[in-house]
Amino acid sequence: MLAIVSAAAIGCDKIDENNYIVYSGASGEWFDGTPVEDHSQRAFLEKYTGVRCNNCPTADQVIAAASSQYGDKLVVVSIHDSNTLQRPIGDSPDMRCPDGDTWSKALGVFGAGEYPMALVNRKPSGNGWERFNPVGGVSTQIDEALAAAPSVALSLSADRVDASIDINVYIEYLSTLSGKQTVTLLLIEDGIIATQKMPNHSDSAGYQHNHILRDVITDLWGADIDANGQAGTCRKARFSYTAANQEWNLDRCHIIALVSDKESKKVYNSAQCSISAEK
Amino acid sequence: MKSIRAKIIVFAAVTVAMQCVTSTVAKAQGILGGHVTGNVQFDGQLSKRDTIIGSSDVPEKLLTNARADILYTNGNFSAGLRYEAYLGPMLGFNSQYTGQGIANYFVSYKTQTFAVTAGHFYEQFGSGMTMRAYEDRYLGLDNALRGINVTYRPWKGVTLKGLVGQQRYFWDTKGLVRGMDAEVSFNDIITAWNESKTRFTLGGSFVSKYEEDETILADISGFKLNLPKNVAASSVRMDLNRGGFGLQAEYAFKSQDPSIVNDYIYKNGNALWLSASYSQKGLSANIQAKRVDNMGFKSVRSISGEMLYINYTPSITKQHTYAFLSMYPYATQSTGEMGLQADFMYKFKKESLLGGKYGTDIHINASLITGLDTTVLGGKGTEGYSSSFFGTGETYYGDISLEIAKKLSSKVKLTATYGYVVFNPVVEGHAGDIHHNHVAIADLTWKINRKNVLRFEAEWMGSDSHYDPIVDDKRAGDWIMGLVEYNFTSAWFVSLSDQYAYKDGVGNYYNLSVGYTKGATRLQVGYGKQREGIICIGGVCRNVPASNGLTFSLTTSF
C-alpha cells in the first residue's frame, strides 16, 4: 500500500497552472522572403454541409463541376459544424470539426441553420458576410472574386518530417493594405467514405467526401503576418504542425493557406499544396 | 495482422519454452498431459436498402464476424490464442476491424501464490475506475493489454498485482500502461479476526500511462498545450460485510490529463462510488451512489471513440432486457455525472395474502443520473471548470420500474412490468428535448410439458417524443410490440415479433427467428428489420445502424 501511495506521488507529471500553454511556433517563424512567382487571384469557397442534409450531394456536384472549370483558381473547403444534420449516420466517420463549428457560428451559418451554405472569400455584406446556397450555382460568386485585382500573392509547400509537417508560406504584398493581415493554415482531408443522405432521401454508405476540414493549424482566425502591409513587402513564414488526431489519414491530406484581413475576416487570397511524402 | 507469421513463431517458441519449464517444475504432469478446449462463434448478416428505416445496401452483400478461441492447459501452464475475422465487419462494428488474424495470444503459469501471463491479458483493479482491460464482443470492444501481468500472494489474505503493456487498438497496439494493485483481507491476516462475522477488505491501486509530447495548439495564437507525458490514476477501496449487510466504497483520483475526451483541460479527475446492501432469504435491497468528475482515462490522448480507455466507470442504471425499456439506454458519462440507484426485491411467500398458491416476486428499481453543477473557467488549455461536490446539473437519465412475477398455475407464469423513463439526448452527444416514456409489459410463459414451452410478450410505450426528419431519431413516438416464442423438443425454437410505431413515429420492425441447439452447439437464423439505435452494456454503448435482411449465428465449444 505504501508503494502505491509513493508511486501515485511520483508517477505523474504536474503542470503548473501558469504553464498549461507554451509558445508553439504556430504563429510562425518569420523571415524576409522573395517575390512570389504566381500572382494569381484565387477564390476561396467554404461550403457548410452535413451528412444528414439530402441537398448537400447536389452542392457537391455543383462544386465538383466548378473545380473542373476553374482548376487551381478555386480553393475549396467543406465544413461539418456541430448542428443536427452533421451527426454521423451509424458508425460512419465523424467529420465534425470544432474549428469549423466556431467559424460556422461566427459567420452566421449555424444560426441560420440552412444547409448547404457557402461563402466565397468571406465577402463582407452589411454587418455580416455574403452567404448563398451553392445548389443554385457558384459561378457568379467565383467570377466576382477572380475579377478582383490580387493585393497579395502567396504560395506554400508542406513536407512530412517524422510525425510532423513542416509548412513554408511565401507572401508578397502586391498593393499596400491597411490594418493587420493574418495567414490561416487549414488541414484538409479528401476521400473519406461516410454515409450520406441523398436527394431521394436514401442513405449512401459509400459516399466519398472531399475537401473536409480536419483542423485549423494556426490560430482560428490566422497568425498575424509579421509585415507592415506595404506593397512590395515579401515575407516567408515557417510553421511546424503535428496532426491533432491520429485517425486522420495524412496521405489523403493537403494544406490550404489564406491571407485575410484581421478585422473583417475578408480573404484576400488563398493557395493550396499537397503534403510531400515523409523524408 | 502484418506479422501473423511472426506472431505464430513467437507464440510457438514461447509455448515450447514454457512447456520445458513446466515439465521441469511439474514433471508428474508430463509434457503431453495437457488438453485443448475452445469455442467458435460465427455471425453473419445480409442487409438491403430500406428508405423507411434508413438501412443501406451492403456493398459486400454478406458481412461476417467470426472468431475462434483455442486454449491449451497443462497443469499450472496454459496458452491460448484467438483468431478473429471481420470480412467485413457487421453493421454497427467499427470498420477499422476489417481484416483477419491472430488478435490475442498468451502464455500463462499459475500456482496458489504466483501467476504470470505474457502476451494479451485482461485485468481489473477494484471496480475498474483506475484500470479495466476487458472485452465485450457484442459492443465490438476489446481493450486487452499486451505485455506482462503478474499476481503474487505472499501471505494468505494479501494479493499484489503488477502489469505493464500496450492496449489493443483494432489490429494494432498503442500507448504504454503500467499498474499495480494491492488488496488485504484483514480477517485472513489478523488471527483474532479469522472467525469474525464482520469481514473487512482494503485495497488500493495505481495506474500510469506514458505518452510522448505532441503539438496540440491552444486557442491562443502561437501557443500549444504543455502536455504531461505521465498521467496517473490511483484509488482506495474497502469492502465491509456482516451477516446480510454489505458496504462497499471506492474513491479514485486522476492527475492532469488533457485529452480529446475532456477537450484538453487540465483539471484533476476524481470519482466516488458507494454501495450499501442487505439481503436475506426472499428479500434484497441495494442502494448505490456515484459521482464522477473528469475521469475519462485513455492510453492515447488524441484518439476519440470507444477504444483505448484504460479505466471504466461502473454503471448504476438497471440493464433492462425488454425492448422498450432498453430503447433509450444510458451511456455512462466519464466527463462528469452524479447518480443514485435503489433496487428492491421481495418474495411474498406461498399461501400468504399476496403470495397466493405459488408465491409472488416483486422487483422495484429506480435510478437518477444528472450532470455536475459546474462553473466554466475556460476551454482548451485551462483548468476547464470547477464543480460543486454535492451540486447537481441537468437531468441526464432517470427510470423507475416495477416488475411483478407470479405463477398463475403450475404451468403458467405471468410477469407484468411498468416502467417510466426520462432521457436527455445530450448523453448521446446531441441537443433535443428530454423524452418521457411510459412502458407497460406483459410476459406470459406457458410450460405445456417438459419439452414444449410457449411464451407471449406484449409491450406498449407511450412517449412525448415525436419523429422529426431533421433529428432522424427513429425511436421516437408511441410503440406497440408483440412476440410469440415457441420452444419445442428442447432443441428447437421459433420466434416471431413485431414492433410498430402507431403514433408520432415511423417504422414497422418485424423479425422471425429459428434456432436449434444440440449439446454445446447453437445455430440461429433470423430475418427482419433492425431499428437504428444504441445498445449499451454496463454503461458502454455503440451505435446500431438500421438493417433489413437475414442474420445467422453459429456458436460451439469443445
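Me: What phi does A:Gly71 take, just after α2(A)?
Reply: A:Gly71 takes a positive phi of about 60°. Helices are DSSP runs of H or I, at least four residues; strands are runs of E, at least two, and both are numbered from the N terminus. This is a predicted model: local features need pLDDT of at least 70, side-chain atom pairs count only at pLDDT 80 or more, and totals for chains, interfaces and linings use all residues. Residues are numbered from 1 along each chain as its sequence is written, with chains lettered from A and ligands numbered from 1 in written order.

Me: What should helix α2 of chain A span?
Reply: Expected span is 1.5 Å times one less than the number of residues. Helix α2 (residues 56–70) has 15 residues, so 21 Å is expected; its end C-alpha atoms are 21 Å apart, which agrees.

Me: Which residues of α2(A) are buried?
Reply: Buried means 20 or more other C-beta atoms within 10 Å of the residue's own, with C-beta atoms placed from the backbone. In α2(A), these include A:Cys56, A:Val62 and A:Ile63. The buried residues pack against β3 (43–48), β4 (74–79), α5 (139–147) and β12 (196–197) of chain A.

Me: How many residues has the largest nonpolar core?
Reply: Nonpolar side chains tend to be buried together in soluble globular proteins. A nonpolar core joins buried Ala, Val, Leu, Ile, Met, Phe, Trp, Tyr and Cys residues through C-beta atoms within 7 Å. The largest has 83 residues; A:Leu186 is among those with the most contacts inside it. Beyond its neighbours within four places in sequence, A:Leu186 is in contact (C-beta atoms, placed from the backbone, within 7 Å) with residues including A:Val77, A:Leu213 and A:Ile255.

Key
Buried ≥ 20, exposed ≤ 12 C-beta atoms within 10 Å, placed from the backbone. Contact = placed C-beta atoms within 7 Å.
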